[in-house]
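Here is a relaxed walk through one protein model, written for someone who has not met it before. Have a look at the picture first, then read on.

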Amino acid sequence: QVQLVESGGGLVQAGGSMTLSCAASGTIFDINAMRWYRQVPGQQREWVATISKAGDKTYADFVKGRFTTTGDKIKKMLYLQMTSLTPEDSAVYYCNMDTSPYENAYGTNYWGQGTQVVVSS
């Protein structure tokens with residue numbers, strides 16, 4: 001079993017910056033992909049960014065140029081640096097990872113519990 005724990009959320013003023021962290025623990029041989037999603041209450045969860053197994057990074061259009069995600073597979077950490085925040089970025093941010101428990105095993109997808117980000121105008 002794998003646990004993902006996000007941290008770093010809170011209240012920030014519009015135009016400000018914030019960095020979210022996600023720590024993975026449990027039986028992990030390899031992390032295949034790491035992602036960030038966000039969800040506003042009453043709306044569907046939306047994808048924010050991905051780091052592929054090969055290390056390629058992709059971003060949703062609405063965060064390009066403002067958010068940067070980095071990952072450290074050895075430390076089993078994922079980060080999301082957010083800049084130029086707007087009230088529209090207010091949401092619960094979720095960490096998501098595909099991990100394998102041993103070599104050549106199929107990956108399993110896991111979610112964190114989320115961390116709240118509130119951007120005040």
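## Strands and what ties them

Let's start with one pair of residues: Thr19 stands opposite Gln81, which sits in S8. Thr19's side of that pairing is strand S3 (residues 18-26), and S3 and S8 run antiparallel with six bridges joining them. Keep in mind that everything here comes from a predicted model.

**The whole chain**

Stepping back, what kinds of elements does the chain have? It has eleven strands and zero helices. Read from the N terminus on, the elements go β-β-β-β-β-β-β-β-β-β-β. The radius of gyration is 14 Å, close to the 14 Å given by the globule rule for 121 residues, so the chain is as compact as a globular protein of that length.

Taken along the principal axes, the C-alpha atoms fill a box of roughly 50 × 25 × 25 Å. Of the chain's 121 residues, 44% count as buried. About 6,400 Å² of the chain is exposed, and carbon and sulfur atoms supply 50% of that area. Now for contacts: among those between residues at least 6 apart in sequence, 56% join residues at least 24 apart.

**The four-strand sheet**

S3 and S8 belong to an open sheet of four strands, with the order S1-S3-S8-S7 and antiparallel pairing. Which strands are at the edges? They are strand S1 (2-7) and S7, and each of them pairs on one side only. From one strand to the next, the twist averages 15°.

**Pairings around S4, S5 and S9**

Other strands pair up too. S4 pairs with S5 in the antiparallel sense over five bridges, and Arg35 stands opposite Thr50 in S5. S4 and S5 make a hairpin with six residues between them, and Gly42 in the turn has a positive phi of about 85°.

S5 then carries on to S6: three bridges join these two strands, which run antiparallel. The bridge partner of Ile51 in S6 is Lys57. This hairpin of S5 and S6 has five residues between the strands, and here Gly55 takes a positive phi near 95°.

How many of the residues of S9 are buried? Ten of its ten residues are, so S9 is largely enclosed by the rest of the structure. S9 also has several partners. With S4, it pairs in the antiparallel sense over nine bridges, and Ala33 stands opposite Asp98 of S9. With strand S10 (residues 108-111), S9 pairs in the antiparallel sense over four bridges, and Asp98 has Asn109 as its bridge partner in S10. Asp98 therefore turns up in both pairings, in a strand where ten of ten residues are buried. Finally, three bridges join S9 to strand S11 (residues 115-120), again running antiparallel, with Thr115 in S11 as the bridge partner of Tyr93.

**Salt bridges**

Side chains add ties of their own, and the count comes to six salt bridges. Here are some of them:

| Salt bridge | Closest N to O distance |
|---|---|
| Asp30 and Lys53 | 2.6 Å |
| Arg38 and Glu46 | 2.7 Å |
| Asp89 and Arg66 | 2.7 Å |

Take Asp30 and Lys53, whose side chains meet in a salt bridge. Asp30 lies in strand S4 (residues 30-39), while Lys53 is in the loop between strand S5 (46-51) and strand S6 (57-59), so the pair ties together parts that are 23 residues apart in sequence.

In the pair of Arg38 and Glu46, are the two residues buried or exposed? Arg38 counts as buried, at 6% relative accessibility, whereas Glu46 is partly exposed, with a relative accessible area of 31%.

Asp89 and Arg66 form another of these salt bridges. Asp89 lies in the loop between strand S8 (77-82) and strand S9 (91-100), and Arg66 in the loop between S6 and strand S7 (67-72), so this pair also ties together parts 23 residues apart in sequence. Both Asp89 and Arg66 are buried. Through salt bridges that share partners, Arg38, Glu46, Arg66 and Asp89 are joined into one network.

Note on methods: Residues numbered from 1 in each chain as written. Predicted model: local features only at pLDDT ≥ 70, side-chain atom pairs only at ≥ 80, totals over all residues. Heavy atoms only, no water. Salt bridge = Lys/Arg side-chain N within 4 Å of Asp/Glu carboxyl O. Buried < 20%, exposed > 50% of the residue type's maximum accessible area, 1.4 Å probe, protein only. Pairing = 2+ DSSP bridges. Axes fitted to C-alpha atoms, helices over the stretch in contact; angles between N-to-C directions. Rg over C-alpha atoms; globule rule 2.2 N^0.38 Å. Contact = heavy atoms within 4.5 Å. Areas by Shrake-Rupley, 256 points an atom, 1.4 Å probe, with all protein chains shown as cover.
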